[in-house]
Every structure is written in structure tokens, then in C-alpha cells.
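Me: I would be grateful for a close look at a single part of this model. Please begin with one residue and then work outward, in connected prose, to its surroundings.

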Amino acid sequence: MKINTYSIVARCGRSRELGAAVASAVPAVGAICLRLRPNIGAVSTQSWVNPYLAESALDAMARGLECKEALTAALANDPAASMRQIGVIGATGNGAAWTGAECTDWAGQIVGKDFAVQGNMLTGSETINAMAQAFTASIDLPLDERLMRSLEAAQAVGGDKRGRQSAALAVNSGEAYARIDLRVDEHPDPVAELRRILTIATAQLAPFIAGMPRAAAPPQPAPTSVVEMLLKSPPNRPSGGGSREP
């Protein structure tokens, strides 16, 4: 499947979290493009999607290769590399990206400190420029917020030239489970809807996940405040949402 889209893979220099975000004019883009592996890296594979490229790059980083070397090694085994686009970030070092010569215009990438942004079939270069600027300008904010702002900046100046349909955002803090894994699989304004869901998830889901068992600590009972909040109907919780109808 050809996924013409824009995405960002990134790490937080303070928390060491890894994350990725993506938007596209195809349904369920997050399920197809994004791959995160705790303490190893995050990848977005797009254009003519090859998920095995992501797995190969993550395997290489797990063996100790830096992003650029891992990406080069993965692409070397793909005879259709000219049709692929991929962004990679690891637990250490800067990111890496590849845009094959056969990706649909406009297509390109920017790699900077702790991030890589990439896109194809875009309205123009301003889309990924805005993504990079939004990410670097928000360095003091949590990684999920920085990723969200990057998608919003891209959509504000252009985005996918075919239109809008889905978006996703994921952050891993080193546990076997994601700290955040949100998807808008089909919507006329998916980035705005993703923002709405992130706001509710930050208020309602994040406190629950913060109390979940961690690999380096013994399990603890769920915090009373979180239990009390989640016993309420969704509209009665912080930031609302959902429905109280059974």
C-alpha cells in the first residue's frame, strides 16, 4: 500500500522517551506506519510501505548500530528502496531518514537533533519545515505535546495534498507498554480530533498508566484518586468526553 503522508520520529533528551506521530489521507495510518520498541527506537515507514524495513532497522539498533547505519543496512536488502520513505530515531544519537527517488512529489525529509521528519505527496516543503520548527521550538514540553504540535504545524501550512483522513501518536517511556498510543483511524479532520483525544487521554488515561506496574519496581495498588475518577461516567471526569449512556 502506498502511504503518502507526513510523520515525525523523535526522542526526548530529558526523559529519554521515544515517540512518533503521523497523518495521512488514508485510513488507519498509525497501524501501518509506526513501530516503536522500548529503549531501542521508533520508526515510521511510508510511501510504498515495507514494515519489515522498520523491524530490520530496530533489530540493527538493538545490536548496537546507530540510526544511520541501521537504516542503511535495512535498505540494502530491499530491491524497491527507491519507492520507500522511512524515518528512524534511536535511544541515543540523532535520527536518520530516507526518501527514495520514486516517492511521489512533493517528497523530502529533515533530520535534526533528536528527530527526523519526512513526508511525500505533500503540498510542498513547507509542511516538513513547519514540523521541524514546531518540534525544536517546544523543547521544554513533554514529548507527546511536541509531537502533537508538529502535526498541527504541518496541517496548518499544507499537509497531504490529497486531503485528510487519519492520524496517530505514540510515546514509549521504556516499559513493555506505551505511555501513549492514540489513533484517529477515519475522520475529516484527524489532526484536530487527535488533539481532542490527547487532551482527554492526558486527563483521564495518563494517571492510570502512571500507576501501572513497571519493570524496575514492584507492583503497587492503583491510586485511590485514579480509581475514584474512573468510576465516574466519562462526561463527569476531567476534560469530559464519552457518554454516560450504558
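Me: Is Asn120 buried or exposed, and in which loop does Asn120 lie?

Reply: In this predicted model, Asn120 counts as buried because its relative accessibility is 0%, and the limit for that class is under 20%. The residue belongs to the loop that runs between strand β9 (115-119) and helix α4 (126-136). The side chain of Asn120 also has a partner: a polar contact of 2.8 Å links it to the side chain of Gln85.

The two elements that flank this loop lead to the sheet. Strand β9 is part of an open sheet of 6 strands, whose order is β8-β9-β2-β3-β10-β11 and whose pairing is antiparallel. At the edges of the sheet are β8 (108-112) and β11 (180-184), each of which pairs on one side only. On average, neighbouring strands of the sheet are turned by 5° against each other, if direction is ignored.

Further along the order, β3 (residues 18-24) and β10 (residues 166-172) run antiparallel and are joined by 7 bridges. Within this pairing, Ala23 is found opposite Ala167 of β10.

Helix α4, on the other side of the loop that holds Asn120, packs on the sheet and touches β2 (5-11), β8 and β9. The direction of α4 makes an angle of about 160° with that of β9. Helix α6 (residues 190-210) packs on the sheet as well, with β2, β3, β10 and β11 as the strands it touches. Between the directions of α6 and β11 the angle is about 145°. Strand β2 is thus touched by α4 and also by α6.

The whole protein provides the setting for this part. Its secondary structure consists of 7 helices and 11 strands. The radius of gyration is 18 Å, close to the 18 Å given by the globule rule for 246 residues, so the protein is as compact as a globular protein of that length. Measured in terms of extent along the principal axes, the C-alpha trace spans about 55 × 40 × 35 Å.

Asn120 is buried, and 48% of the 246 residues of the protein count as buried. Among contacts between residues at least 6 apart in sequence, 54% join residues that are at least 24 apart. The accessible surface of the protein amounts to about 11000 Å², and carbon and sulfur atoms account for 56% of that area.

Definitions and conventions. Residues are numbered from 1 along each chain as its sequence is written. This is a predicted model: local features need pLDDT of at least 70, side-chain atom pairs count only at pLDDT 80 or more; totals for chains, interfaces and linings use all residues. Side-chain values use heavy atoms; hydrogens and water are left out. Helices (H or I, at least four residues) and strands (E, at least two) are DSSP runs, numbered from the N terminus. Buried means under 20% relative accessible area, exposed over 50%, partly exposed in between (1.4 Å probe, protein chains only). A polar contact is a pair of N or O atoms within 3.5 Å; within protein, one must be able to donate a hydrogen and the other to accept it, and residues adjacent in sequence count only if both atoms are side-chain atoms. Two strands pair if DSSP finds at least two bridges between them. Axes are lines fitted to C-alpha atoms, for helices over the stretch in contact, and angles run from 0 to 180 degrees between N-to-C directions. Contact means heavy atoms within 4.5 Å. The radius of gyration is taken over C-alpha atoms; the globule rule is 2.2 Å times the number of residues to the power 0.38. Accessible areas come from the Shrake-Rupley method with a 1.4 Å probe; for residues, only the protein chains shown count as cover.
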